[in-house]
Amino acid sequence: PFSCGVIYGLRPGMLQRPGLLYRAAVEGATFSLFEGYLAMASNGLTVEGINLVGGGARNPIWRQFIADLFDTAVSTLEEEESAALGAALQAAAVYDRSNVREYIQKSPPQTAGDIVLPIEANIPKARKAFMRWKKVRDLMEWERLEKMQEAENTPQLHELFDSIVAINGTQEQSSASMARK
């Protein structure tokens with residue numbers, strides 16, 4: 001019940017340029033994907049490229065932004081129905097009595113041919129924008145947790161809140177946790 005969305009930095013006159021709202025939505029979705037990637041990378045995942053699928057994959061600006069942010073090559077698949085293709089590849093591997101991963105590595109989906117490479121000058125700009133997004137998102141999460149604590153004074157929420165304080169390395173105590181004591 002305490003969830004909310006935000007478009008940070010919206011100023012008078014900006015709605016006269018609706019492309020800015022579209023860009024904010026695209027960046028927010030991409031930053032969420034990048035944050036998930038960073039979590040997996042911290043556990044050893046390496047990426048040699050991204051196969052982008054779905055309707056947004058047709059957008060060359062989005063493909064470039066992903067290439068820049070992730071600092072890797074981005075391609076699209078020849079087959080637009082990638083979910084069906086994935087299911088078919090898995091079924092073919094099972095029918096062949098093969099390991100699914102090995103089967104797909106031997107028979108990878110065909111890319112559409114247009115590989116987008118990161119532009120070196122754009123990488124730090126994309127990463128800086130991600131860090132701004134993450135800072136705002138983290139502040140919003142902090143506020144949401146404080147509201148949850150105020151609304152439901154439960155030990156589980158206190159524990160969650162205190163663990164986030166510990167993770168963030170914050171020495172200050174919130175008014176909610178000080179009120180508990």
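**Exercise 1.** Determine whether tyrosine 37 is buried or exposed in this predicted model, and characterise its pairing with phenylalanine 70.

*Solution.* Tyrosine 37 has a relative accessible area of 18%. The cut-off for buried is under 20%, so tyrosine 37 counts as buried. Phenylalanine 70, at 11%, is buried as well.

The structure holds eight aromatic pairs. In one of them, the rings of tyrosine 37 and phenylalanine 70 lie 5.4 Å apart, centre to centre, with 50 degrees between the planes. Planes under 30 degrees apart count as stacked and those over 60 as edge-to-face; this pair is therefore tilted.

Next, locate the partners: tyrosine 37 belongs to helix α1 (residues 19-41) and phenylalanine 70 to helix α2 (residues 60-70). With their positions 33 residues apart, the pair links distant parts of the chain. Both residues also belong to one aromatic cluster, together with Phe31, Phe34, Phe65, Phe130 and Trp133.

**Exercise 2.** Describe the surroundings of serine 75.

*Solution.* Begin with the position: serine 75 is in strand β2, which spans residues 74-76. Its relative accessibility is 8%, so serine 75 counts as buried. Then consider the side chain, which makes a polar contact of 2.8 Å with the side chain of asparagine 51. Beyond neighbours within four places in sequence, the contacts of serine 75 are Ile50, Asn51, Leu52, Thr111, Asp114 and Ile115.

**Exercise 3.** State how the protein is organised as a whole.

*Solution.* Count the elements: there are seven helices and two strands. Their order along the sequence is α-β-α-β-α-α-α-α-α. Of the 181 residues, 24% are buried. Finally, among contacts between residues at least 6 apart in sequence, 66% join residues at least 24 apart.

Notes:
Residues numbered from 1 in each chain as written. Predicted model: local features only at pLDDT ≥ 70, side-chain atom pairs only at ≥ 80, totals over all residues. Heavy atoms only, no water. Helix = DSSP H or I, 4+ residues; strand = E, 2+ residues; numbered from the N terminus. Buried < 20%, exposed > 50% of the residue type's maximum accessible area, 1.4 Å probe, protein only. Contact = heavy atoms within 4.5 Å. Polar contact = N/O pair within 3.5 Å; in protein donor to acceptor, adjacent residues only side chain to side chain. Phe/Tyr/Trp six-rings, centres within 6.5 Å; stacked < 30°, edge-to-face > 60°.
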